[in-house]
Amino acid sequence: MSAVTKAAPEAHASAYDVERVRAEFPILSRSVYGKPLVYLDNANTTQKPRVVIDAVRRYYEEENANIHRGTHWLSEKATEAYEGGREKVARFLGATSPKEIVFTRGTTEAINLVAAGFAREYLQAGDEILITGLEHHSNIVPWQLACERTGAKLVVVPITDEGEVPVDEFEKRLTPRTKLAAVSHVSNALGTVNPVKTFIALAHARKVPVLVDGAQAAPHLPLDVVDLGCDFYAISGHKMYGPTGIGALYGTEAWLEKLPPYQGGGDMISSVTFEKTTYNVLPWKFEAGTANIAGGIGFGVAADWLSGVGLAAVAAHEHDLLLHGTRQLSMVPGLTIVGRAKEKAGVISFVLENVHPHDIGTILDREGIAIRTGHHCAQPVMDRFGLPATARASFGLYNTRAEVDALVNALAKVRKVFG
Ligand code: C6P
């Protein structure tokens, strides 16, 4: 398997043309309840550009076959396209080799893979797994399962009223018993960008490996896993303008070699007898059964497309939306923004006096505006702020200031309905 060639300098970093980007997304021209769709639920899942839709369709129309095991032409084509997808994802993340990219169903499965491997090989009673109070359930529950199985303990770094994870609080909880730290890069519930590079350096100084939940970072920030120095990085294709049901675990070759297989079945073996099975080489050791072939192909195309738009430009554009949205929403009477970290991605969680977030969501929906309401699969974050739920607007690279204004105007209607 070839090494990864580094991505070319970002294409349109200086002149971000949001209308040109929007034109690539067929769904953005549709209406909902007779109103133009305003899609502000990007942390949940993103819309798909035409190139991704076409790549998935082309695979089914022209190249559909199972991979790795056929001797025929179609199977070779499908294998090439799928493994090409892996190379693209590796390049997107800055990985050294595609061997370090394991395709999974998404971030959740990527974290479960590592947690299960640690539970089997590296954890025992009294050991500690360090997480933060900002985590999504996907970066809590797999570790709880691992702890239940082994007697290890989950240690949580508390968050501040702003929704930040203080570096000294993180450092304080790294002990000789810490076997791994698992931290989100960007919080889905509050938008906080964690200083993961600092966390990794502190953990590594104590020989503690670090897994980063990058579900909410990969679509929004320039990334380089080698520069970050993380041991594992988990991402979801569907949050990166790619298909659902596909994601990736980046792991250093050294760690992936050491971890045991996650599931058993076809493709992950090199030979099987009833007495003994030997496993396939990386990354296939972790990919049992027929893969999500169309997903892997579409994910690669999405990763290339996103790099082509340019993550620095995307981050700058979304930061502008964040500033504009924060300013406008702060002026809505009775509205409180939850999560005011200094470093934030394009996520605004808020509550409105005397209105349940679900009611906000329902009224906005009738205006064609899609946001998410609820606990955002981050119940401990809600508990920290004494809230059952928030309303959350999360921006993507195709959103505009006008859409943010539409949200603000619709909130005036919500206030009217609720007096
Ligand atoms: N957050 C949201 O609306 P999956 O489902 O495996 O693709 O991603 C799980 C996940 C893990 N970590 C973080 C930080 C996430 O935000 C998510 C998914 C969505 O916020 C759906 S709950």
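This talk goes through the pockets, the helix packing and two backbone details of one structure. What you have in front of you is a predicted model.

I will start with the open space. The largest pocket holds about 350 Å³. Its lining is made up of 26 residues. If you want to find the pocket on the screen, go to Thr108, His136, Ser138, Ser236 and Lys239, which are the lining residues nearest its centre. By class, 14 of the lining residues are polar, seven are charged and five are nonpolar. Which element gives the largest share of that lining? Helix α4, residues 107-121, does, with three residues.

Now, where does the pocket sit relative to the domains? Domain 1 is 18-48 plus 311-414, and domain 2 is 54-308. Both of them contribute residues to the lining of the largest pocket, so the pocket lies between the two domains.

Next, the enclosed space. How many cavities of 30 Å³ or more does a search of the whole structure find? The search finds one. The volume of the largest cavity is about 50 Å³. Its lining includes Asn42 and Ala43, then Val186, Gln216 and His220, and further along the chain Glu318, Ala345, Gly346, Val347, Ser394 and Phe395. That lining splits into five nonpolar residues, five polar ones and one charged one. As for position, domain 1 and domain 2 each supply residues to the cavity lining, so the cavity lies between them.

On to the helices. Two packed helices are described by the angle between their axes and the distance between those axes. I have three pairs, and two of them involve α10.

Take α3, residues 73-93, and α10, residues 293-309, to begin with. Their axes are 8 Å apart, and the packing angle is about 40°. That makes α3 oblique to α10, because an angle has to be under 35 degrees to count as roughly parallel. The crossing of α3 past α10 is left-handed.

The other partner of α10 here is α2. The axes of α2 and α10 come within 9 Å and cross at roughly 150°. The cut-off for roughly antiparallel is over 145 degrees, so α2 counts as roughly antiparallel to α10. This crossing is right-handed.

The third pair is α11, residues 311-330, with α14, residues 401-417. Here the axes cross at roughly 20° and come within 10 Å of each other. That makes α11 roughly parallel to α14. The handedness of the crossing of α11 past α14 is right-handed.

Last, two backbone details, both in loops. Where is the cis peptide bond? It joins Leu282 and Pro283, with omega at about -5°. Pro283 belongs to the loop that runs between β12, residues 277-279, and α10.

The second is His68. Phi of His68 is near 70°, a positive value in a residue that is not glycine. His68 is placed in the loop between α2, residues 50-63, and α3.

To recap the main points: the largest pocket lies between domain 1 and domain 2, and the largest cavity also lies between these domains. α10 has α3 oblique to it and α2 roughly antiparallel to it. That is what I had to show.

How values were computed. Residues are numbered from 1 along each chain as its sequence is written. This is a predicted model: local features need pLDDT of at least 70, side-chain atom pairs count only at pLDDT 80 or more; totals for chains, interfaces and linings use all residues. Side-chain values use heavy atoms; hydrogens and water are left out. On a 1 Å grid over the protein atoms alone, a cavity is a set of points where a 1.4 Å probe fits but cannot get out, and a pocket is an open set with protein on both sides within 12 Å along at least five of seven lines; lining residues have an atom within 4 Å of a point. Grid points are joined across faces, edges and corners, and a volume is the space filled by probe spheres set on the points. Helices (H or I, at least four residues) and strands (E, at least two) are DSSP runs, numbered from the N terminus. Ala, Val, Leu, Ile, Met, Phe, Trp, Tyr, Cys and Pro count as nonpolar, Asp, Glu, Lys and Arg as charged, and the others, Gly among them, as polar. Domain bounds come from an automatic or database domain assignment. Axes are lines fitted to C-alpha atoms, for helices over the stretch in contact, and angles run from 0 to 180 degrees between N-to-C directions. Angles under 35 degrees count as roughly parallel, over 145 as roughly antiparallel, 65 to 115 as roughly perpendicular and the rest as oblique. A crossing is left-handed if the near helix is turned anticlockwise from the far one by less than a right angle, and right-handed if clockwise.
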